[in-house]
Amino acid sequence: MTQELLINISPSESRVAVLEDSVLSEIYIERHNKLGSVGNIYLGTVVRVLAGMQACFVDIGQARTGFLHINDMQFNLSKTELNATPTTPKPIEQRLYEGQRILVQVIKDPLGSKGARLTTDISLPSRYLVYLPFSENIGISQRIDGDERERLKQDLSEISHQVNLQGGLIARTATENVPRHKLEADIYYLLQLWKTVQARRLQINKKHKSALIYQDLALPTRAIRDFIGENTERVLIDNSQVFDNIQQFAKEFVPQISPKLQLHQGEAGLFDLYRVEIELKNALNRRVDLQSGGYLIIDQTEAMTTIDVNTGSFVNGRSQEETIYKTNLEATHAIARQLRLRNLGGIIILDFIDMAEQAHRDDVLESLKQQLKNDYAKTSLSEFSSLGLIEMTRKRTRESLQQQLCEPCLSCGGKGFVKSSETVCLEIFRELMRFARSYNTPKKFTVVANSTIIDLLETSEADTVAELAYLLGRKIDLASDNRYSQEQYDILLD
């Protein structure tokens with residue numbers, strides 16, 4: 001599998017597209033007036049402790065307070081506790097109090113009505129390693145195995161002892177086959193960064209309830225740090241200033257990628273040239289067509305996301321069971337890609353077409369597992385349920401593509417549908433009768449509504465309007481106003 005990175009810069013946003021075998025697999029968008037906060041470290045103030053939930057709200061200077069659960073806190077907070085070895089952590093109400101200032105890091109951006117998810121277990125990433133100041137463990141990426149895993153564990157243990165490292169380390173996937181001297185350089189960089197964070201914390205005026213202590217790299221540079229791998233063939237950047245900045249960063253931290261950096265200067269836009277804009281537009285549709293003629297329907301709600309697989313026009317199998325089997329197998333590839341492209345997270349329900357043979361169900365489940373191995377986000381899968389569904393979860397750390405690029409429809413309020421014009425007309429008739437019973441003085445009613453509704457009242461419903469005016473003994477006038485949505489109307493009393 002070959003990989004390419006396309007970095008598109010405009011005055012208002014930065015976008016990074018990850019192409020695998022020339023197909024768009026992931027997209028990252030950072031609006032300059034709404035920068036993501038994952039990885040940022042804040043000195044915040046506890047504003048409310050919820051003993052019943054074992055959590056608290058922390059003011060970090062954002063519009064909504066951040067949420068800190070006891071499971072996202074390092075085991076101990078005080079120096080006394082750090083030297084002790086209690087068997088169970090104290091409850092949150094014994095560890096934190098309202099008004100207390102604590103160092104926290106954002107692990108999930110605000111989503112919908114929820115504030116940022118926070119942790120006190122700080123982590124600082126570099127190109128190859130992640131430094132954990134409040135841990136003592138050394139972990140290795142699960143994507144690294146065999147002798148290389150043992151080599152890294154031994155090298156990192158020796159270097160940690162050599163520099164008297166206070167804290168733990170995680171070797172990232174990019175660490176594979178990296179020589180020892182580069183690991184040492186990374187560790188010294190992270191130690192210096194942590195000293196800087198501690199120094200900034202001490203400088204914060206006590207009058208300030210919150211302050212940003214450390215901010216992660218901007219998206220273009222972060223992409224070079226996090227997404228570059230041995231399969232990366234090239235990185236195309238369409239902004240000369242950002243290109244120069246990335247060249248400097250790569251020279252210092254990722255020298256092997258420098259020859260693969262290219263400045264895009266063509267007349268055609270970078271994302272247009274590689275059809276990324278079209279793919280982005282399609283990624284906001286409910287329907288995803290499969291090459292065979294089948295299709296997926298993806299519905300995203302606050303509680304969960306559902307993905308329904310349909311055969312559509314695909315009938316090339318020797319039997320109905322084979323047609324269904326082939327469609328489901330193809331769907332596993334499309335589902336894995338859509339999860340990454342749309343950044344769908346949380347609970348996800350997959351409704352494959354029912355298969356009679358257990359062997360086919362096993363093959364589909366295994367195919368899905370294989371496709372999800374390329375996903376950077378942590379996923380977990382269940383077996384097929386008795387209803388033929390697969391339940392899965394995917395770790396959510398930022399907004400989905402739909403949440404980033406869309407807002408609720410003004411007409412339907414985000415429901416995805418509006419009342420039919422006939423339904424609205426019937427509501428108006430009921431409201432007129434209720435008004436007639438409640439108000440005796442008006443001599444005339446004026447109905448103000450969208451032109452679609454008024455047209456219906458003046459044509460196919462005209463007889464009903466005339467009959468109702470006769471029964472109520474009052475004149476009914478109709479007034480069109482396209483500032484009203486199809487569901488909105490007013491009845492004026494004259």
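## A tour from the whole chain to Ser141

Of the 494 residues of the protein, 45% count as buried. The model on screen is a predicted one.

**Whole protein.** Start with everything selected and a cartoon drawn: there are 13 helices and 24 strands. Switch to the C-alpha trace and align the view to the principal axes; the trace spans about 95 × 70 × 55 Å. The radius of gyration is 29 Å, against a value near 23 Å for a compact globule of 494 residues. Among contacts with a separation of 6 or more, 66% are between residues 24 or more positions apart.

**Surface and charge.** Next, show the surface. The protein exposes about 26800 Å², and 48% of that comes from carbon and sulfur atoms. Then select the charged side chains: 58 are positive and 65 negative. The centres of these two sets lie 7 Å apart.

**Ser141.** Now select residues 138 to 162. Strand E11 (138-140) and helix H2 (146-162) are joined here by a loop that holds Ser141. Is Ser141 buried or exposed? Ser141 counts as buried because its relative accessibility is 14%, and the cut-off for buried is under 20%.

**Around Ser141.** Keep Ser141 selected and add Arg149, Ala171, Arg172 and Thr173; these are the residues Ser141 contacts once neighbours within four places in sequence are left aside. Of these, Arg149 falls within the range of helix H2 (146-162). Which side chain makes a polar contact with the side chain of Ser141? Show the side chain of Thr173: it pairs with that of Ser141 in a polar contact of 2.9 Å.

Technical notes:
Residues numbered from 1 in each chain as written. Predicted model: local features only at pLDDT ≥ 70, side-chain atom pairs only at ≥ 80, totals over all residues. Heavy atoms only, no water. Helix = DSSP H or I, 4+ residues; strand = E, 2+ residues; numbered from the N terminus. Rg over C-alpha atoms; globule rule 2.2 N^0.38 Å. Buried < 20%, exposed > 50% of the residue type's maximum accessible area, 1.4 Å probe, protein only. Contact = heavy atoms within 4.5 Å. Areas by Shrake-Rupley, 256 points an atom, 1.4 Å probe, with all protein chains shown as cover. Lys, Arg positive; Asp, Glu negative; His and termini not counted. Charge placed at Lys NZ, Arg CZ, Asp CG, Glu CD. Polar contact = N/O pair within 3.5 Å; in protein donor to acceptor, adjacent residues only side chain to side chain.
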